[in-house]
Amino acid sequence: MFSFRSAFAATSLAVLVLATGGQARAGATLDGVRSRGILTCGVNTGVAGFSQPDSQGIWRGLDADLCRAFAASVLGDATQVRFVPLSGQQRFPALQSGEIDVLVRQTTATMGRDTALGLRSVGINFYDGQGFMVRRDAGLSRAAELDGATVCVQQGSTTEGNLADWYRAANIRVTPVLFERIDQVAAAFSSGRCDALTTDASQIAAVRSSFPNPGDFVVLPDRISKEPLGPMVRRDDQEWFDVIRWTLNALIEAEELGITAANAEARRAQDASPATRRLLGTDPTLGQGLKLSASWAYDAIRAVGNYGEVFERNVGQATALGMERGPNALWTSGGLMYAWPMR
């Protein structure tokens with residue numbers, strides 16, 4: 001979700017970082033990660049299925065696993081990640097200043113972020129959209145039936161703006177009830193202060209799974225916005241941008257080729273197809289182009305699996321979130337996930 005207020009408040013910091021060189025001169029990030037021996041990844045403060053510490057303090061989720069894939073591709077070790085939990089207001093300044101190397105925090109790729117903050121969206125690891133959740137006993141089946149309702153929403157986000165655009169266009173009356181954080185939105189909705197809750201569908205699924213009786217709540221089928229979520233890096237380091245972009249693509253390409261965490265070793269040794277040889281490093285060309293080892297993609301796939309494995313393990317139908325692949329299915333299965341040609 002995009003907060004215009006926090007985003008443009010951070011613009012002056014971005015200009016300062018870019019003007020002075022800050023901690024992000026071209027090529028500096030890859031060198032810095034290697035020198036430290038650890039990758040610093042900015043994540044959400046806690047959203048089930050995406051980035052949340054478990055009972056032992058180990059970060060779990062789709063975004064957390066992507067951070068591990070980046071560490072594996074650069075350092076050959078997926079455990080060498082320092083997770084930095086960030087609020088919506090903290091995330092962009094943390095990336096701009098060099099506090100983190102990459103931001104993987106359910107962040108929507110928008111034109112404003114790409115042009116005004118000195119940052120770049122790398123690619124999409126989850127296609128999302130804003131939706132609504134209501135109580136089952138309300139008997140509602142579509143968002144248009146929310147006429148006259150109160151709706152809990154996060155203040156200063158694109159969620160708030162999307163909601164206003166939607167109900168005005170639909171010519172219905174909705175009263176937003178604003179809160180600073182998503183956990184406050186969830187608590188207010190569950191206590192009955194609002195008739196509905198609105199945010200990205202992925203966060204709705206996470207919030208619903210955290211309730212004592214998830215079956216008491218219904219996620220309406222309507223989506224009122226496009227929310228392509230993915231990693232972000234600083235604009236002035238093309239070398240690091242390439243590393244992050246192509247590691248994400250490697251996980252998608254692995255699913256397209258049927259390469260998994262379990263079979264990657266055998267496929268590397270036995271598969272003579274050019275695409276597999278390039279991806280798994282038997283042909284070292286791709287790694288050379290990124291200034292990484294020949295096994296960069298192989299290491300990432302072995303560590304976390306292909307994109308489909310990451311999805312199903314963290315948010316898929318066998319998890320508490322129970323999400324279908326939908327637009328996050330491969331393009332060959334009617335979805336939007338599509339690896340750029342890796343050659």
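How do the residues of the lining of the second largest pocket divide into nonpolar, polar and charged? The structure shown above is a predicted model, and this pocket is a suitable place to begin reading it.

The second largest pocket holds about 410 Å³ of space. Two elements each give two or more residues to its lining, namely β7 (126-128) and α9 (201-210). The largest share comes from α9, which supplies 4 residues. In total, 21 residues line the pocket. Those that lie nearest its centre are Ala-201, Ala-205, Arg-223, Met-323 and Glu-324. The opening question can now be answered: the lining consists of 10 nonpolar, 6 polar and 5 charged residues. As for how such a space is found, rolling a probe the size of a water molecule over the atoms shows where empty space is left.

Attention may now turn to the surface. Trp-331, Tyr-338 and Trp-340 together make a nonpolar surface patch of about 360 Å². One of these residues, Trp-340, is located in the segment that follows α15 (307-314). Trp-340 counts as partly exposed because its relative accessibility is 41%, a value between the limits of 20% and 50% that bound this class.

A further residue to locate is Gln-90, which sits in the loop joining β4 (81-86) and α5 (91-97). Its relative accessibility is 42%, and therefore Gln-90 also counts as partly exposed. Along the chain, Gln-90 and Leu-117 are 27 residues apart; in space, a distance of 13 Å separates their C-alpha atoms.

Notes: Residues are numbered from 1 along each chain as its sequence is written. This is a predicted model: local features need pLDDT of at least 70, side-chain atom pairs count only at pLDDT 80 or more; totals for chains, interfaces and linings use all residues. Side-chain values use heavy atoms; hydrogens and water are left out. Patches are made of residues with over 30% relative accessible area and no salt bridge: like charges are joined within 9 Å, nonpolar side chains (Val, Leu, Ile, Met, Phe, Trp, Tyr) within 5 Å. Accessible areas come from the Shrake-Rupley method with a 1.4 Å probe; for residues, only the protein chains shown count as cover. A salt bridge is a side-chain nitrogen of Lys or Arg within 4 Å of a carboxyl oxygen of Asp or Glu. Buried means under 20% relative accessible area, exposed over 50%, partly exposed in between (1.4 Å probe, protein chains only). On a 1 Å grid over the protein atoms alone, a cavity is a set of points where a 1.4 Å probe fits but cannot get out, and a pocket is an open set with protein on both sides within 12 Å along at least five of seven lines; lining residues have an atom within 4 Å of a point. Grid points are joined across faces, edges and corners, and a volume is the space filled by probe spheres set on the points. Ala, Val, Leu, Ile, Met, Phe, Trp, Tyr, Cys and Pro count as nonpolar, Asp, Glu, Lys and Arg as charged, and the others, Gly among them, as polar.
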